[in-house]
Amino acid sequence: MWRRLANRWSQQPNVVLDLHNEPGMVGWEAQVRWSEHLIAAIRQVSPGVMVMVEGTNKAQRIAAAVERASKADKVVSQVHVYGPHQHGARIGPGQWYRLF
């Protein structure tokens, strides 16, 4: 599927392939392995297409993604910032800011 999408959109510089929207509670290493596998398949067809990799925990944990993505070409890291209110009493604002 990703090769087909990369081929279809390879000439559109304003299209970004988002590999996995809001991955759940997966470990970062599992997310990296899966993303690198998909990116390799995409690069076989279209080396220039932009790829987006979201952080783990529904794209809210991004620190590891930023560190890893800085070494990749045409890869963007994405974070979804919902704020401490989404987590209810489980997490306060001080704890929430430390997630990033």
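**Note on the sheet, helix α2 and R43**

1. In this predicted model, 3 strands make up an open sheet. Their order is β1-β2-β3, and the pairing is parallel. β1 (16-18) and β3 (75-78) are the edge strands, each pairing on one side only. From one strand to the next, the twist averages 30 degrees.

2. Next, the β1 pairing. Strand β2 covers residues 50-54 and runs parallel to β1. The two are joined by 3 bridges. D18 has M52 in β2 as its bridge partner.

3. Helix α2 spans residues 28-45. The helix lies across β1, β2 and β3. Relative to β2, α2 runs at about 170 degrees.

4. R43 deserves a look. This residue sits in helix α2. R43 is buried, yet has no salt bridge. Which side chain of opposite charge is nearest to R43? That is D73, 6.1 Å away. A salt bridge requires a side-chain nitrogen of Lys or Arg within 4 Å of a carboxyl oxygen of Asp or Glu, so D73 at 6.1 Å does not provide one for R43.

5. What lies 2.7 Å from a polar atom of the R43 side chain? The backbone oxygen of V49 does.

6. Now the wider surroundings of R43. Leaving aside neighbours within four places in sequence, R43 is in contact with V49, V51, D73, K74 and V75. V49 is thus listed among the contacts, and its backbone oxygen is the atom at 2.7 Å. D73 is also in contact with R43, although R43 has no salt bridge.

Definitions and conventions. Residues numbered from 1 in each chain as written. Predicted model: local features only at pLDDT ≥ 70, side-chain atom pairs only at ≥ 80, totals over all residues. Heavy atoms only, no water. Pairing = 2+ DSSP bridges. Helix = DSSP H or I, 4+ residues; strand = E, 2+ residues; numbered from the N terminus. Axes fitted to C-alpha atoms, helices over the stretch in contact; angles between N-to-C directions. Contact = heavy atoms within 4.5 Å. Buried < 20%, exposed > 50% of the residue type's maximum accessible area, 1.4 Å probe, protein only. Lys, Arg positive; Asp, Glu negative; His and termini not counted. Polar contact = N/O pair within 3.5 Å; in protein donor to acceptor, adjacent residues only side chain to side chain.
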